Amino acid sequence: MRITTGYYASENGSKYLQQLCKHFQHKITVRFDAEEGRFATETGTAHLRADAKGLTVQLTAEDAKGLIDLRYMIDKHLVNFAWREGFTGCAWRMEDDGGAPPA
């Protein structure tokens with residue numbers, strides 16, 4: 001499994017978490033409240049957490065392509081939702097995948 005975590009510093013983290021989850025729930029099953037959200041796509045899973053300082057998104061996928069697709073999906077939607085703040089993309093970092101061989 002591959003894991004990447006993205007962060008967007010914003011006082012509106014909860015607002016964006018809820019917008020993302022409400023948008024995606026039209027197509028997939030999503031569980032969320034004001035502080036946490038979860039959903040799974042064919043590509044992988046997303047776990048979103050919001051606090052007073054921002055939005056954290058942890059993505060899990062089988063391979064690097066899955067992570068890239070999920071990152072693009074999250075960033076693309078946040079560009080639309082957070083345009084007033086000049087959002088251009090989360091600050092993404094790869095997590096240690098436990099020594100799994102590269103995909």
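Here is a short chat about the sheet, the core and the salt bridges of this predicted model.

Visitor: What ground rules apply before we start?
Guide: The model is predicted, so to speak of local features we need pLDDT of at least 70, side-chain atom pairs count only at pLDDT 80 or more, and totals for chains, interfaces and linings use all residues. Numbering runs from 1 along each chain as its sequence is written, and side-chain values use heavy atoms, with hydrogens and water left out.

Visitor: What is the strand order in the open sheet?
Guide: Helices (H or I, at least four residues) and strands (E, at least two) are DSSP runs numbered from the N terminus, and two strands pair if DSSP finds at least two bridges between them. The sheet has 6 strands with antiparallel pairing. Strand 2 (30-32) and strand 6 (91-94) each pair on one side only, as edge strands. Read across, the order is 2-3-4-5-1-6.

Visitor: Over how many bridges do strand 3 and strand 4 pair?
Guide: Strand 3 covers residues 36-40 and strand 4 covers residues 44-51. They form a hairpin with 3 residues between them, and Glu36 stands opposite Arg49 in strand 4. Their antiparallel pairing runs over 5 bridges.

Visitor: Which residue in strand 4 is the bridge partner of Phe39?
Guide: Looking the other way first, Val30 stands opposite Phe39, and strand 2 pairs with strand 3 over 3 bridges. In strand 4, the bridge partner of Phe39 is Ala46.

Visitor: What angle does the direction of helix 2 make with that of strand 5?
Guide: Helix 2 (residues 64-81) packs on the sheet and touches strand 1 (2-9), strand 3, strand 4, strand 5 (54-61) and strand 6, where contact means heavy atoms within 4.5 Å. Axes are lines fitted to C-alpha atoms, for helices over the stretch in contact, and angles run from 0 to 180 degrees between N-to-C directions. With strand 5, the angle is about 150°.

Visitor: Which residues make up the covered face of strand 3?
Guide: Strand 3 has two faces, and the uncovered one holds Glu36, Arg38 and Ala40. The covered one is Gly37 and Phe39.

Visitor: Which element gives the largest share of the largest nonpolar core?
Guide: A nonpolar core is a set of buried Ala, Val, Leu, Ile, Met, Phe, Trp, Tyr and Cys residues joined through side-chain atoms within 4.5 Å; buried means under 20% relative accessible area, exposed over 50%, partly exposed in between (1.4 Å probe, protein chains only). This core has 25 residues, and Phe39, Leu48, Leu55, Leu59, Ile74 and Leu78 touch the most other members. Helix 1 (13-24), strand 4, strand 5 and helix 2 each give two or more residues. The largest share, 6 residues, comes from helix 2.

Visitor: How far apart are the closest N and O atoms of Asp69 and Lys65?
Guide: A salt bridge is a side-chain nitrogen of Lys or Arg within 4 Å of a carboxyl oxygen of Asp or Glu. Asp69 and Lys65 both lie in helix 2, 4 residues apart, about one turn of the helix. At 33% relative accessibility Asp69 is partly exposed, while Lys65, at 55%, is exposed. Their closest N and O atoms are 2.8 Å apart.

Visitor: How many salt bridges are there by this rule?
Guide: Besides that pair, Arg38 forms one with Glu36, at 3.6 Å. The side chains of Glu95 and Arg93 also meet in one, at 2.4 Å from N to O. The count comes to 3.
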